[in-house]
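Student: I am new to this structure. Please take me through one part of it closely, and then through what lies around it.

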Amino acid sequence: MDEPLSLTLLYTGGIAGDLALLPRLFTFLQRLKAAAPPPALLLDLGGSCADDIPHCRETGGRSTLIALDGMGYDAANIAGLLDREQREGLAEQVTLGLVDEERDWLFQRPPFNDRSIGATLRLRDDSARLQILLKPAGSTRIAGNVLFLQAVDAGQVGAVAIDLRGDPRLVSARIHEMPACTPANASIAGMVEFVEAEARLLGRKRG
């Protein structure tokens with residue numbers, strides 16, 4: 001397979017269990033993705049669930065991650081959400097890359113298969129082509145082979161373009177605000193209802 005000469009990243013963060021946001025966010029992401037040159041990766045910087053949200057509490061932090069998987073995300077920061085047993089159980093149910101201090105995600109997506117590009121929380125591979133630090137930073141920048149991503153709030157989407165010819169080079173970085181008039185995607189709305197119903201069922205079973 002050919003190696004990518006450029007890469008687009010779309011990323012979110014701080015969703016904090018707000019599943020009602022996701023049907024509109026999906027529509028917005030699809031618009032941004034359609035306007036970006038491929039390949040485009042979809043990432044989440046963490047904070048996808050919160051302990052004070054019922055569905056997060058009932059599912060042990062898995063609910064929003066399952067929804068992100070249904071939305072086509074490539075990888076998400078799960079640090080502080082799942083313990084090792086929960087992580088292994090969820091990994092069997094989703095294709096979403098679950099990134100924490102122990103596990104990275106490597107870029108293996110058709111038509112490209114470049115294991116030298118990955119998302120990580122532990123910088124360690126000087127030989128990698130590009131290491132995407134999958135947690136909020138003060139600004140978007142590249143230092144050596146490490147890409148730092150500026151923090152975003154729920155309802156915002158970061159968009160980054162990287163030139164991979166030679167040493168990785170930051171071409172552009174922008175944070176987009178989702179317009180209030182963005183319509184909800186019906187399929188994602190249905191998926192959210194299912195995730196919430198499953199969380200309520202878990203809660204009733206636990207009594």
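Tutor: What follows starts with one strand and moves on to the cores and a pocket. The model is predicted: local features need pLDDT of at least 70, side-chain atom pairs count only at pLDDT 80 or more, and totals for chains, interfaces and linings use all residues. Residues are numbered from 1 along each chain as its sequence is written, and side-chain values use heavy atoms, with hydrogens and water left out.

Take strand 9, residues 146-150. Helices (H or I, at least four residues) and strands (E, at least two) are DSSP runs, numbered from the N terminus. Four of the five residues in strand 9 are buried. Buried means under 20% relative accessible area, exposed over 50%, and partly exposed in between, with a 1.4 Å probe and protein chains only.

Now its partners. Two strands pair if DSSP finds at least two bridges between them. Strand 7 (residues 130-137) runs parallel to strand 9, with four bridges. Strand 8 (residues 141-143) is antiparallel to strand 9, with three bridges. Leucine 147 of strand 9 stands opposite isoleucine 132. Leucine 147 also stands opposite isoleucine 142. Strands 8 and 9 form a hairpin with two residues between them. There, glycine 144 has a positive phi near 65°.

Next, the cores. A nonpolar core is a set of buried Ala, Val, Leu, Ile, Met, Phe, Trp, Tyr and Cys residues joined through side-chain atoms within 4.5 Å. The largest has 33 residues. Leu22, Leu25 and Met71 are among those with the most contacts inside it. Helix 1 (22-35), helix 3 (63-70), strand 10 (156-163) and helix 5 (186-206) each supply at least two residues of this core. Helix 1 gives the largest share, six residues. Another core, of 22 residues, lies apart from it; Trp105, Phe107, Leu134 and Ile162 are among its members.

Last, the largest pocket. Its volume is about 160 Å³. On a 1 Å grid over the protein atoms alone, a pocket is an open set of points where a 1.4 Å probe fits, with protein on both sides within 12 Å along at least five of seven lines; lining residues have an atom within 4 Å of a point. The volume is the space filled by probe spheres set on the points, which are joined across faces, edges and corners. Helix 3 and helix 5 each give two or more residues to the lining. Helix 5 has the largest share, five residues. Among the lining residues are Arg62, Phe194 and Glu198.
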